[in-house]
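Notebook open, coffee poured. Here is what I looked up in this structure, in the order I wondered about it.

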Amino acid sequence: MSQDNAITAAILVIGDEILSGRTKDKNIGAIADVLTEIGVDLREVRIVPDVKEEIVAAVNALRARYTYVFTSGGIGPTHDDITADSIAEAFGVGIDVDPRARAMLLERHRPEDLNEARLRMARIPDGADLIANPISKAPGFRLGNVYVMAGVPQIMQAMLDEIRPTLTANAPVISETIEAGTIPEGNFAGGLAAIAAAHGAVSIGSYPSMTPEGFRNRIVVRGRDGAAVAAARAEVDALLSTLRS
């Protein structure tokens with residue numbers, strides 16, 4: 001599949017608590033893992049505050065650019081949970097308590113306990129499909145190509161599991177990791193660039209790290225064409241073999 005026809009995605013994380021550092025995000029990695037597994041190319045991640053104008057602008061920019069947009073955060077019962085209203089504004093539709101969402105909340109709460117705060121979690125933009133929440137029942141929703149999920153990692157993961165079978169994906173990515181050991185990046189950078197230029201169907205990256213045994217380098221070759229990945233890997237292996245000799 002060409003880059004032009006690739007199924008792509010962006011993640012939009014919403015919340016002042018993420019930007020302040022009070023809450024450490026776990027959802028980006030979880031969503032990225034699933035997208036990689038099913039073959040959707042994650043192209044962009046943004047984090048925005050609990051400010052409607054910022055959310056609306058980000059949603060409209062991302063949904064126009066990518067096949068899917070996945071949001072997390074801001075769909076709870078408090079005054080600063082404004083994601084649903086922001087999505088409605090981005091799409092130019094109304095929003096109100098959705099009978100389907102209210103029924104889901106009644107699976108967990110007694111009717112007399114559905115106060116104004118809890119009913120905020122049942123406010124869904126017009127025309128949206130609901131995303132079931134088997135943990136706390138308050139649903140997420142999908143409007144167009146935007147999937148709106150909770151910020152609590154366990155609940156977000158449950159919602160992600162619900163929508164995963166509905167997502168269209170590319171062919172799975174094949175990934176090959178080559179151990180470069182202690183060879184400095186500067187020694188193979190030029191050769192690696194030449195290999196990457198000659199194999200446009202794959203991506204090649206160099207990833208240095210510190211291990212208990214000391215400094216190590218790994219080169220990763222990724223692509224959807226098995227033969228192209230194998231050919232690029234063979235050239236990387238040959239390059240490293242020359243440098244080791």
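**Entry 1: helix α9, buried side.** A reminder to myself: this is a predicted model. I began with α9 and listed its buried residues, which are A228, V229, A232, V236, L239 and L240. Looking down the helix axis, I found these buried residues within an arc of 100°, so they line one face of α9.

**Entry 2: the other face of α9, and the cover.** Which exposed residues sit on the face of α9 turned away from its buried side? I noted A227, T242 and R244 there. Then I asked what covers the buried residues, and the cover includes β9 (174-181), α8 (185-198), β10 (202-211) and β11 (214-223).

**Entry 3: length and cap of α9.** The helix runs over residues 226-244, 19 residues in total. At 1.5 Å a residue it should span 27 Å, and because its end C-alpha atoms are 27 Å apart, the two values agree. At the N-terminal end I found a cap: D225 places a side-chain oxygen 2.9 Å from the backbone nitrogen of A227.

**Entry 4: the cores.** Which residues touch the most other members of the largest nonpolar core? They are I31, Y68, F70 and M149, in a core of 51 residues. Strand β1 (residues 8-14) gives this core its largest share, six residues. I followed I31 further: leaving out residues up to four places away in sequence, I31 touches I11, F70, M149, M156 and L160. There is also a second, separate core of 16 residues, and A180, V202, A228 and L239 are among them. I recognised two of those names from α9, where A228 and L239 are on the buried list. As background, nonpolar side chains in soluble globular proteins tend to be buried together.

**Entry 5: an unusual phi.** K137 caught my eye with a phi near 75°, a positive value in a residue other than glycine. Most residues other than glycine have a negative phi. I placed K137 in the loop between β6 (129-131) and β7 (140-143). Its relative accessible area is 23%, so K137 counts as partly exposed.

**Entry 6: the whole protein.** I counted out the elements last: nine helices and 11 strands. The C-alpha atoms fill a box of roughly 75 × 40 × 30 Å along the principal axes. Of the 245 residues, 42% are buried. For contacts with a separation of 6 or more, 68% come from residues 24 or more positions apart. The protein exposes about 12200 Å², and carbon and sulfur atoms supply 51% of that area.

Technical notes. Residues numbered from 1 in each chain as written. Predicted model: local features only at pLDDT ≥ 70, side-chain atom pairs only at ≥ 80, totals over all residues. Heavy atoms only, no water. Core = buried A, V, L, I, M, F, W, Y, C linked by side-chain atoms within 4.5 Å. Buried < 20%, exposed > 50% of the residue type's maximum accessible area, 1.4 Å probe, protein only. Helix = DSSP H or I, 4+ residues; strand = E, 2+ residues; numbered from the N terminus. Contact = heavy atoms within 4.5 Å. Expected span 1.5 Å × (residues − 1). Arc of directions from axis to C-beta. Polar contact = N/O pair within 3.5 Å; in protein donor to acceptor, adjacent residues only side chain to side chain. Areas by Shrake-Rupley, 256 points an atom, 1.4 Å probe, with all protein chains shown as cover.
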